[in-house]
Amino acid sequence: MSAESAARLVLLRHAKSAWPDVADHERPLGPRGLRDAPAAGRWLRDAGCLPALVVCSTARRTRETWALAAGELGAAVPVRFDERVYAAEPEELLAVVAEVPDEVRTLLLVGHNPGLEELAAALAREAVDAAEAAAMERLTEKFPTSAIAVLACPGPWRELAPGSARLTGFAVPRGAAR
């Protein structure tokens, strides 16, 4: 599988949230998250990771992260808000991804930890070069808020399985303090 011919699964952890006295699902982004979410969108644009489809958790902080990131892409992208992504285990996230049409070559999943980190680590097979090895080391060390993992995936989405993808990028975009 070459990275050029493979589909791409892009995993974006929501930006830093605030902790007001509300239910977890309704927590908004905090000041740092409001700065970092647009930076994530700029990173996606500059890295050529414009998604054909976004599947986003229904939690407020993920919806706000996507709205701010999307504003930096320079193109409208279809988005599906899926409650199954909220607090999902890797197996549940794989089931959501399996439903994506094969015509979608770049899929962006906006969600939460630990599910996203565990999914990325499970999908990524052994690194084929130093850049992939460094990305994997950073990912397994910490998958902080606003982190983005890019995986090259062979074949149809429904066949995505542990060890079948390559981690081709890992970034933690940060916005400048105002």
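At what angle do the axes of helix α4 and helix α5 cross? The axes of α4 (residues 115–123) and α5 (residues 130–141) cross at roughly 150° and come within 10 Å. The model is predicted. This briefing covers that helix pair and the salt bridges, of which the count is 11.

**Helices α4 and α5**

- The crossing of α4 past α5 is left-handed.
- On the α4 side, Glu 117, Ala 120 and Ala 121 make the contact.
- On the α5 side, the contact residues are Met 136, Leu 139 and Thr 140.
- Sorted by class, the contact of α4 with α5 holds four nonpolar residues, one polar residue and one charged residue.
- The charged residue is Glu 117, because Glu is classed as charged.
- The polar residue is Thr 140, because Thr falls outside both the nonpolar and the charged lists.

**Salt bridges of Asp 36**

- Asp 36 is buried, at a relative accessible area of 1%.
- One salt bridge of Asp 36 is with Arg 32, at 3.5 Å from N to O.
- Asp 36 and Arg 32 lie four residues apart in helix α1 (residues 31–46), so about one helical turn separates them.
- Arg 32 has a relative accessible area of 34% and is therefore partly exposed.
- Asp 36 also forms a salt bridge with Arg 174, where the closest N and O atoms are 3.0 Å apart.
- This second pair links distant parts of the chain, with Asp 36 in helix α1 and Arg 174 in the segment after β6 (166–171), 138 residues apart.
- Arg 174 is partly exposed, with a relative accessible area of 39%.

**Asp 24, Arg 27 and Arg 61**

- Asp 24, Arg 27 and Arg 61 are joined into one network by salt bridges that share partners.
- Within this group, Arg 27 forms a salt bridge with Asp 24, and their closest N and O atoms are 2.6 Å apart.
- Arg 27 is buried because its relative accessibility of 7% is under the 20% limit.
- Asp 24 is partly exposed because its relative accessibility of 32% lies between 20% and 50%.

**Burial of the paired residues**

- In the bridge between Arg 27 and Asp 24, the arginine is buried and the aspartate is partly exposed.
- In the bridge between Asp 36 and Arg 32, the aspartate is buried and the arginine is partly exposed.
- In the bridge between Asp 36 and Arg 174, the aspartate is buried and the arginine is partly exposed.

Definitions and conventions:
Residues numbered from 1 in each chain as written. Predicted model: local features only at pLDDT ≥ 70, side-chain atom pairs only at ≥ 80, totals over all residues. Heavy atoms only, no water. Salt bridge = Lys/Arg side-chain N within 4 Å of Asp/Glu carboxyl O. Buried < 20%, exposed > 50% of the residue type's maximum accessible area, 1.4 Å probe, protein only. Helix = DSSP H or I, 4+ residues; strand = E, 2+ residues; numbered from the N terminus. Axes fitted to C-alpha atoms, helices over the stretch in contact; angles between N-to-C directions. Left-handed = near helix turned anticlockwise from the far one by under 90°. Contact = heavy atoms within 4.5 Å.
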